[in-house]
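User: I am new to this structure and would like to understand the terms used to describe it. Please explain the reasoning behind each one.

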Amino acid sequence: MNTLNEEAVVIPLPDPRFKPVVRQLHRVAGEDPGLISRDSQADAGIDEAWLDGLADHLGEHAWMELDLSTRMPGGLLDALRNEVTILHKTDAMRRAGIGRGEELTRDRSVRRDQIVWLEGFTEPQAALFRFLDELMAGLNRRLFLGLKRYEAHYATFQQGDFYKRHLDSFRGRASRVLSLVLYLNEDWGLDDGGELRVFSPRDENIVTGVVRPEAGMAALFLSEEVPHEVLPANRTRFSIACWFRQDEVPLPLQAVVVPESFC
Ligand code: OGA
Ligand code: MN
């Protein structure tokens with residue numbers, strides 16, 4: 001893995017689809033995306049007992065709210081927030097779609113956020129990926145979900161944006177298995193809206209939880225089982241949505257392939 005270089009936070013790649021994002025980050029030269037602590041080069045060192053509790057809870061309830069602020073490397077949340085703030089100010093983010101391939105639509109009555117996929121080539125993204133690698137391995141050892149890879153994107157919900165009730169994966173496709181949404185917003189107040197509302201897997205009209213998108217908080221849930229929605233945000237809301245998948249890497253150079261959008 002790349003060692004942290006004070007000069008170059010962004011590591012450019014020859015792939016043409018990635019270049020625009022790198023350019024966007026460089027263009028806002030005065031704004032440092034932020035450096036994360038050198039400790040983050042080491043394994044995330046996720047606590048085994050914490051993973052045990054997490055696996056138990058997930059097995060029983062199909063979803064849970066998590067506080068990852070003390071579990072992630074120091075400074076990483078700030079670095080990710082700085083990065084998405086810069087991407088948001090440029091035109092790097094695109095309106096998100098629903099469905100995949102031919103069925104992809106950009107229906108603004110269902111979903112209004114803007115996204116950009118993480119590629120893992122900036123230091124904060126690489127550190128996040130190391131954390132996600134460990135989390136995935138730890139959950140696989142406990143829950144036998146057969147998770148093989150993940151995909152992740154930043155999302156911005158601007159004032160008034162929402163995402164209506166949905167599932168992240170269609171039953172039987174066994175692709176997206178586990179969803180993780182990590183929030184990046186400091187001082188998210190009760191009046192700021194934008195909560196994640198989680199519904200019962202057995203009855204989609206019963207609310208089983210509400211998660212405030214405060215920095216470091218996260219929701220983890222079974223993608224095929226747990227209906228959820230994002231209530232309209234009253235201020236700009238930043239998050240990272242991540243899906244752990246059971247299927248194999250579609251192409252050898254998966255990291256530079258722009259993933260398809262999803263439901
Ligand atoms: C999603 C999603 C929830 C959130 O992107 O599929 O449900 O709280 N996001 O941002
Ligand atoms: Mn979702």
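Analyst: The following exchange sets terms against their definitions for this model, which is predicted.

User: What makes strand E4 and E11 a pair?

Analyst: Two strands pair if there are at least two bridges between them. Nine bridges join strand E4 (residues 149–157) to E11, so the two strands meet the definition of a pair. They run antiparallel, and glutamate 151 has tryptophan 243 in E11 as its bridge partner.

User: Why do strand E1 and strand E2 stand at the edges?

Analyst: The open sheet has seven strands in the order E1-E9-E6-E11-E4-E3-E2, with antiparallel pairing. Strand E1 (63–67) and strand E2 (94–95) each have a single partner strand, so one side of each is left without a neighbour in the sheet. Helix H3 (residues 76–89) packs on this sheet and touches strand E3 (114–117), E4 and E11. The direction of helix H3 makes about 60° with that of E4.

User: What makes leucine 80 part of a nonpolar core?

Analyst: A nonpolar core joins buried residues of certain types, Leu among them, through C-beta atoms within 7 Å. Leu80 is a member of the largest nonpolar core, which has 55 residues, and is among those that touch the most other members. Helix H4 (residues 123–143) gives this core its largest share, eight residues. Not counting residues up to four places away in sequence, leucine 80 touches Pro124, Leu128, Leu184 and Ile240.

User: Which classes of residue make up the shell around ligand 1?

Analyst: The shell has six nonpolar, two polar and one charged residues. Asp counts as charged, so Asp168, one of the residues surrounding ligand 1, belongs to the charged class.

Methods
Residues are numbered from 1 along each chain as its sequence is written. Chains are lettered from A and ligands numbered from 1 in the order in which they are written. This is a predicted model: local features need pLDDT of at least 70, side-chain atom pairs count only at pLDDT 80 or more; totals for chains, interfaces and linings use all residues. A residue is near a molecule or strand if its C-beta atom, placed from the backbone, lies within 6 Å of it. Helices (H or I, at least four residues) and strands (E, at least two) are DSSP runs, numbered from the N terminus. Two residues are in contact if their C-beta atoms, placed from the backbone, lie within 7 Å. Axes are lines fitted to C-alpha atoms, for helices over the stretch in contact, and angles run from 0 to 180 degrees between N-to-C directions. A residue is buried if 20 or more other C-beta atoms lie within 10 Å of its own, exposed if 12 or fewer, and partly exposed in between; C-beta atoms are placed from the backbone.
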